[in-house]
Every structure is written in C-alpha cells, then in structure tokens.
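Subject: Structure handover, with notes on the sheets

Dear colleague,

I am passing on the structure below, together with some notes on how its strands are arranged. Please read them with the structure open beside you.

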Amino acid sequence: MSAETAFETALERARKEVQDGPSLGWDTPSRFGRAGLAARGVLHRALRPYTMRQSRVDQAIYSAMEGSARSIEDRARRMERMVDMSSQSAHAVALDPESVVDATTHVGPLWLNKADSLVTPSIAEHGMYEAHVTALLLRTLRPGMTFVDVGANIGYFSVLASRLVGPEGLVVAVEPGPNNVSLLRANLWRNGCGNAVVLPIAAYDHRGHVQLVLNPQGGAGNWVQPGEVPAPSVLVPCAPLDELLEGIHVDVLKTDAEGSDVVAIRGMEQTIRRSTGITVIAEFWTQAYGGLGEAPAEVLDYYSGLGLQTSLLRDTGELEPYGDEALLALQGSVPFVNIVMA
C-alpha cells in the first residue's frame, strides 16, 4: 500500500469514527443484572460531558486532518500542472527568421536550416528525407510504442514518429549539435509533439564531454572526433543512454551518428538487451571513420554478440538479409549503408 493510499484509508476511518461517535454499548445486557445496568446508567450520565468534549476534540482533529489532506492534494495538483506546463512548453524556442526556411513536408510543416546543404535541399524539394528509412518507420511504428532518435537533427523522424506512436507513445530525440537543437525543439513545438522529449547530448559510452566537429556544409553531418581537428568544433555533453532510459522498453532505435553509431549503441546495450523485439536502424560505415578506431569487422562482431540479426535496408525501403562478409565486401564501393538489426 502506498503512503498516499494509507493516508486516505486512515482519514476515512477517522471520518467514520467522528460521524458515528464512540460505541459505548450502554444497553448491552450486564452479567450483574438490573443492578449492573443501573450502575452503568449512573456512570454514563457522569461521563457524558467528557464524551461530548471528546467528540468535539475528535471533530476538530478530523477537520484539521481533512484540511491538511486537501491542502496536500491541492499542492500536488498544482505541482503536477506546473510539470505538465513545463513539459508542454519545453520545445518553445525563438528562431532567427534570416537563418531558417519554412517547408511543407510529409510529416507536417518544418523549419529548415537555410545554411545546410545536406538535409535542407532534400526536404525542400521532395517534402521527405531518406525515403527508405521513412518507409520502414511507417511500417514498424505503432500507437503506444517508444522510439529513440539518435542524431535527430532538425526532427524530421521525431515528428513522424510522434504522429505514429500517438499520445500513449514516447519519442526520445537525441541531438548534440547546438545548430540543430533549436530547430528540433521548434519543429516539435510547431507540430504539437507533446509525447516527445529532447536530450541535447551526444549518445555515447561514457558520461562527460566529447568534441563535436561542426560540418562546414551546414547543420547536418556533424561528427564526434577525438584529438585535434582542422574544422570548427565544440565540446558537447555526452552520456550512455542506459543511464537516461533506465526502465524504459524501446521498440525502435534509429541512430545516425556519423560514424559513432556503435559507440551510441554500446552506451545503451542494457536497454537493447531488455527491450524484447527491438528494431535497430543504424548507419554502418564500411571503413574506420572519424578517428574513433572502430574497425568494421569488430563492429559487426559486437552487434552479433548482442544477438542481433542484420539486414540491409535497400533504397526501396525493403529489407534484405545480409551477412557480415557481404557487408564487409562493400568497403570501397560506398562509405556507409543503413542496416536494420532485430
């Protein structure tokens, strides 16, 4: 029994005691016969003033308890409302009108980064981004599911998932790029995505800060890289998602972390293992990338150790079973492919 339930039970018991009064049993037969009843009556009359006073005291105590309970309930409702208002308004941010583009897309209206040359042109022209991933999410996500969007960028997939999982579902949008987080929040706000939360961090395998290289081509394509880098960079907070998703069952994970996808997945290994039936959509780089020292063969061995079966996500949105050798054979022909693990 919770503390709240126990308090309500005690309050109800007190109410009945005060309402019904003490059960003195003055008319109960006495083993001393008529003399016993007479003596009991004399005692009853003598104690009546004290009983009445006790009743008034009990009533005052109950009233105080009831008032206190009502005050606690009122405070709890106010706090709950404040938390709800804070959650609902968490995505409300101001934008520089000179730096954004307003676009009509398949998932709803979106603000795009005017300076970006990777994501913005595709969405502006087609109203869609990565049609093959979009098609897979449309087939996979259902009301009530939980979707984790690592590398959420401006929120195209987060907004799409928010509509698909509905008010009973949850979307966790993870985006470390300071040039993207504002647009991500704004797009979630604009589309009424009250079931989405934003984690402005890099999904990683340890807590701390990592160096995020800012892609000179715009807001998309930022990547994590240790050591010295020639391009502008920023230190961003990082954390294992296992720490932040504790107890949450994830149905679909999409990670687009520009070569550090395996590091993000290592940081949520416990979540993946306990999330029965999870679908993982990830970029697989066919060669070591970003200075992370991750050899493609080692990455695939790690995924196999998680008990995940790998398929290749074709441009059509269809899945094709693909073994490790076939994926490694792609080296040199393409820098990366999208794989789906389940």
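In what order do the strands of the open sheet of eight strands lie, and is their pairing mixed or not? Before the answer, please keep in mind that this is a predicted model. The order runs E5-E4-E3-E10-E11-E14-E12-E13, and the pairing in this open sheet is mixed. Strand E5 (196-199) and strand E13 (319-321) stand at the edges with a single partner strand each, so one side of each has no neighbour in the sheet. From one strand to the next, the twist averages 25°.

Two of the pairings in this sheet can be followed at the level of residues. Strand E4 (residues 170-174) and E5 run parallel and are joined by four bridges, and among the residues involved, Ala173 has Val198 in E5 as its bridge partner. Between these two strands the chain passes from E4 through helix H6 (residues 178-190) to E5, in a β-α-β crossover that is right-handed. Strand E3 (residues 146-150) is likewise joined by four bridges to strand E10 (residues 252-255), and these two also run parallel; here Val148 stands opposite Leu253 in E10.

There is also an open sheet of four strands, in which the order is E6-E9-E7-E8 and the pairing is again mixed. Its edges are formed by strand E6 (202-203) and strand E8 (223-224), each of which has a single partner strand, so one side of each is left without a neighbour in the sheet.

Within this sheet, strand E7 (residues 208-213) and strand E9 (residues 233-239) pair in the antiparallel sense over six bridges. Two places along that pairing may help you to find it on the screen: Gly208 stands opposite Cys238 in E9, and Val210 has Val236 in E9 as its bridge partner. E7 is also joined to E8, by two bridges, and these strands too run antiparallel, with Val213 having Trp223 in E8 as its bridge partner.

As background to both sheets, strands pair through backbone hydrogen bonds, in either a parallel or an antiparallel sense. In a regular strand, the side chains alternate between the two faces of the sheet.

With best wishes

Definitions and conventions
Residues are numbered from 1 along each chain as its sequence is written. This is a predicted model: local features need pLDDT of at least 70, side-chain atom pairs count only at pLDDT 80 or more; totals for chains, interfaces and linings use all residues. Side-chain values use heavy atoms; hydrogens and water are left out. Two strands pair if DSSP finds at least two bridges between them. Axes are lines fitted to C-alpha atoms, for helices over the stretch in contact, and angles run from 0 to 180 degrees between N-to-C directions. A crossover is right-handed if, with the strands pointing away from the viewer, the path from the first strand over the helix to the second runs clockwise.
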